[in-house]
Amino acid sequence: MCVYDIPLVYAAINGSEEVACYILEHFPEQAQWNGKITPLRAAVFSSSNNIIAHLIQCGAIPDNDCLGAAMLTGNKEAVILFLKCKKFKPSSFGDLTPVQFAALNNENEILEFLLVNGYPYNELNKKGYNALHIACFLGHIDCALTILSFYRDLKEGDGIVHLKFIVHLSIGLLRLNRLY
């Protein structure tokens with residue numbers, strides 16, 4: 001069966017919101033169709049956030065591929081829709097946690113959403129780096145400061161001012177290094 005044989009996938013790929021909503025209203029089980037390209041993945045590719053919201057309401061469950069594609073294309077609304085889906089528990093993106101992936105892609109708004117919703121900020125990847133390391137290495141100062149603000153074990157008097165200075169300094173040195 002070709003993906004175009006599934007009308008909902010075809011509507012989602014083309015961003016046809018009216019058609020997708022009509023199909024979901026009359027055949028909500030199509031939201032859960034599971035093939036190479038699901039209706040949810042098709043909606044991510046076409047950046048159809050209203051279709052994504054309808055699909056999730058009808059029982060479609062996002063996966064890491066959907067989340068990763070939405071992050072890489074900068075579709076913050078879709079990322080947040082996926083993360084709010086109670087049935088979806090994102091795992092890692094290769095060697096990166098969702099928080100590290102957001103820091104890597106300089107997605108501060110998504111990063112903050114993840115941290116506010118309890119995603120761990122200090123997990124290490126296989127190379128021994130956490131999200132703060134990644135943000136600093138890449139010069140993503142807003143992401144680094146957002147992560148730093150979630151370090152619950154640090155208080156203003158416990159050296160957080162010095163840590164913020166180190167973050168700014170390391171990012172400044174990285175930027176200076178790139179000039180030469």
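Which residues in H8 meet which residues in H10? The tour arrives at that contact after a view of the whole chain.

**The whole chain**

Begin with everything displayed, bearing in mind that this is a predicted model. The chain holds 11 helices and zero strands. Read from the N terminus, its elements run α-α-α-α-α-α-α-α-α-α-α. Colour by accessibility next: of the 180 residues, 45% count as buried. A surface representation shows about 10100 Å² exposed by the chain, with carbon and sulfur atoms supplying 56% of that area. A contact map adds a further view: among contacts between residues at least 6 apart in sequence, 63% join residues at least 24 apart.

**Stop 1: helix H8 against helix H10**

Select residues 108–116, which form helix H8, together with residues 141–149, which form helix H10. Two packed helices are described by the angle between their axes and the distance between the axes. For this pair, the axes come within 9 Å and cross at roughly 10°. Angles under 35 degrees count as roughly parallel, and H8 and H10 are therefore roughly parallel to each other.

Now show the side chains at the contact. On the H8 side they belong to Asn108, Leu111, Glu112 and Leu115, and these meet Asp142, Cys143, Thr146 and Ile147 in H10. By class, the residues of this contact divide into four nonpolar, two polar and two charged. The spacing of such positions has a general background: an α-helix has 3.6 residues a turn, so residues three or four places apart point the same way.

**Stop 2: the buried residues of H8**

Keep H8 selected and hide the side chains of H10. Ile110, Leu111, Phe113, Leu114 and Leu115 are the residues to highlight, as they are buried in H8. To see what covers them, bring back H10 and add helix H5 (64–72), helix H6 (76–84) and helix H7 (98–104), which are included in that cover. Past the end of the helix, select Gly118, which follows H8 and has a positive phi, near 90°.

**Stop 3: Leu114**

Is Leu114, found in helix H8, buried or exposed? Leu114 has 0% relative accessibility and counts as buried. Expand the selection to its contacts: leaving out residues up to four places away in sequence, Leu114 touches Met71, Leu83, Pro98, Val99, Ala102 and Tyr119. A distance label may also be drawn from Leu114 to Ile80, 34 residues apart along the chain, where the C-alpha atoms are separated by 8.9 Å.

**Stop 4: Ala31**

Move to the loop between helix H2 (17–26) and helix H3 (39–45), where Ala31 is placed. This loop residue is buried, with a relative accessible area of 4%. Its contacts, apart from neighbours within four places in sequence, are with Leu8, Leu24, Pro39, Leu55, Cys58 and Ala60. Label the C-alpha distance from Ala31 to Ile56 as well: the two residues are 25 apart along the chain, and their C-alpha atoms are separated by 7.7 Å.

**Stop 5: an aromatic pair**

Finish with the aromatic rings, for which the count comes to one aromatic pair. Select Tyr129 and Phe137, whose ring centres lie 5.0 Å apart with the planes at 90°, so the pair is edge-to-face. How accessible is each partner? Tyr129 is partly exposed, with a relative accessible area of 34%, and Phe137 is also partly exposed, at 40%.

How values were computed
Residues numbered from 1 in each chain as written. Predicted model: local features only at pLDDT ≥ 70, side-chain atom pairs only at ≥ 80, totals over all residues. Heavy atoms only, no water. Axes fitted to C-alpha atoms, helices over the stretch in contact; angles between N-to-C directions. Helix = DSSP H or I, 4+ residues; strand = E, 2+ residues; numbered from the N terminus. Parallel < 35°, antiparallel > 145°, perpendicular 65-115°, else oblique. Contact = heavy atoms within 4.5 Å. Nonpolar A, V, L, I, M, F, W, Y, C, P; charged D, E, K, R; others polar. Buried < 20%, exposed > 50% of the residue type's maximum accessible area, 1.4 Å probe, protein only. Areas by Shrake-Rupley, 256 points an atom, 1.4 Å probe, with all protein chains shown as cover. Phe/Tyr/Trp six-rings, centres within 6.5 Å; stacked < 30°, edge-to-face > 60°.
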